[in-house]
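Reader: I've got a model open and I'd like to talk it through with you. Could you pull it up so we can go over it piece by piece?

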Amino acid sequence: MLESITMSEESGLTFSEASEVLNRLVEEASRVIKGKREFLEYLVTAAASGGHVLVEDMPGLGKTTAAKTFASLIDTSESDFPGFSRIQFTPDLLPYDITGVDVFHPESGSFNFAHGPVFTSILLADEINRTTPKVQSALLEVMAEHQVTVGGKTHSLGEFFFVMATQNPVEIEGTYTLPAAQLDRFLMRLSIGYPDAESEFLIVTEDPSVKTIPSLTPVCTGKTITAVQNTAGEIYCHPELIKAVISAVSQTRAKKEIELGASPRGSLMLIKSAKALALLHGRDHVVDQDIIDLAVPVLAHRIVMKKRESGSREMIRELIIGSLDKINY
């Protein structure tokens, strides 16, 4: 099947081919990440949208395992910068430790650029909130532009580049809160959550992170994912649905409970990811439920409440459903 998908890339992927790729990724990943299909669907949807994911959850719930699983299922050997890299963020990390640096060679009297670990296809930024804002911001250009600028020279990454960052929400000492600009670069903020009893039994008895990941084989290539992204962009979204999203997002800028509302990027990313989710579900058009399902993962981290505790999730869901209810097709 991998061969047939690769061959069809030359002329692009049909809706059914692209949908099959996404569903196979979810099914194979489910062999490792037990009982978390919704999380896996959103992770795959983010990749199909060309975006990046921040996974915020307690230790030991499979954040790193999910990234390794995803990397095992995508063959990036033909990419400009193939493979999977993991950066363990720590307080002593420097920006050049992740982006790379110009190295002087005495024998030639010249500087040559030594690529940092961000030059890869799939990047796990582990515990991103443990490093300084200066290092966090070094990822901004990489995530948004797929490029690194060092010494006035720009170095481009490959066409397929996916970042999965993790952070532990319960740690306070030795951590640095991600600024709003950094959070806005992530298409989604997700949480895996604790498994149910049945899934936890399978995790304990099968130990899939150790026994299953090595047996995984790629179901597609990095170029296939790029082709899927192009196909997802062709999914139809009714103008009234787009207007409803814009209405809800614009209301976040006027609510008295909200200090910082979502930008137009929030509207764009919600529609873009809704198209990819519709494709995963085998449809060539977006429906209301796609937007409702993705509203919180895509928008909640883009707003700042005046009372710093919580409430953004409930607020976003209420605004989205309220705007959709007013649609008159």
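Reader: Let's start with an aromatic: is Phe 113 buried or exposed?
Author: Keep in mind that this is a predicted model. The relative accessible area of Phe 113 comes to 15%. Buried means under 20%, so Phe 113 counts as buried.

Reader: How is the aromatic pair of Phe 113 and Phe 119 arranged?
Author: The structure has 3 aromatic pairs. In the one made by Phe 113 and Phe 119, the centres are 5.7 Å apart and the planes make 70°. An angle over 60 degrees is the cut-off here, so this pair is edge-to-face.

Reader: And which residues make up the cluster linked by ring pairs?
Author: Phe 119, at 8% relative accessibility, is buried. Phe 113 is buried too, at 15%. Ring pairs tie these two into a cluster with one further ring, and the members are Phe 81, Phe 113 and Phe 119.

Reader: On to the open sheet: what is the order of its strands?
Author: There are 5 strands in it, and the pairing is parallel. The edges are E3 (84–88) and E10 (188–190), each pairing on one side only. On average, neighbouring strands are turned by 20° against each other, direction ignored. Reading across, the order is E3-E6-E9-E1-E10.

Reader: Which residue in E10 stands opposite Val 55?
Author: Strand E1 covers residues 53–56, and 3 bridges join it to E10 in parallel fashion. Val 55 falls in that range, and its opposite number in E10 is Leu 190.

Reader: Which helix packs on this sheet, and what angle does its direction make with that of E10?
Author: That's helix H3, residues 37–48. It touches E1, E9 (162–167) and E10. Between its direction and that of E10, the angle is about 160°.

Reader: There's also a hairpin from E7 and E8; which residue in the turn has a positive phi?
Author: E7 (residues 147–150) and E8 (residues 153–156) pair in the antiparallel sense over 4 bridges. Within that pairing, Val 148 sits opposite His 155. The hairpin leaves 2 residues between the strands, and the one with a phi of about 60° is Gly 151.

Reader: How about Gln 182: is it buried or exposed?
Author: Gln 182 is part of helix H7, residues 180–183. Leaving aside neighbours within four places in sequence, its contacts include Ile 128, Leu 139, Leu 140 and Met 143. Gln 136 and Ser 137 are also among them. Its relative accessible area is 1%, so Gln 182 is buried.

Reader: Then there's Gln 289: which residue's side chain does its own side chain make a polar contact with?
Author: Gln 289 belongs to helix H13, residues 288–299. With 42% relative accessibility, Gln 289 is partly exposed. Its side chain has a polar contact at 2.7 Å, and the partner is the side chain of Asp 293.

Reader: How far apart in space are Gln 289 and Leu 43?
Author: Leu 43 falls within H3, residues 37–48. In sequence, Gln 289 and Leu 43 are 246 residues apart. C-alpha to C-alpha, the distance in space is 17 Å.

Reader: Last one, on cysteines: how many disulfides does the structure hold?
Author: Cys 220 is buried, at 0% relative accessibility. Cys 237 is buried as well, with a relative accessible area of 8%. As for disulfides, the number in the structure is 0.

Terms used
Residues numbered from 1 in each chain as written. Predicted model: local features only at pLDDT ≥ 70, side-chain atom pairs only at ≥ 80, totals over all residues. Heavy atoms only, no water. Disulfide = S-S within 2.5 Å. Buried < 20%, exposed > 50% of the residue type's maximum accessible area, 1.4 Å probe, protein only. Pairing = 2+ DSSP bridges. Contact = heavy atoms within 4.5 Å. Phe/Tyr/Trp six-rings, centres within 6.5 Å; stacked < 30°, edge-to-face > 60°. Axes fitted to C-alpha atoms, helices over the stretch in contact; angles between N-to-C directions. Polar contact = N/O pair within 3.5 Å; in protein donor to acceptor, adjacent residues only side chain to side chain.
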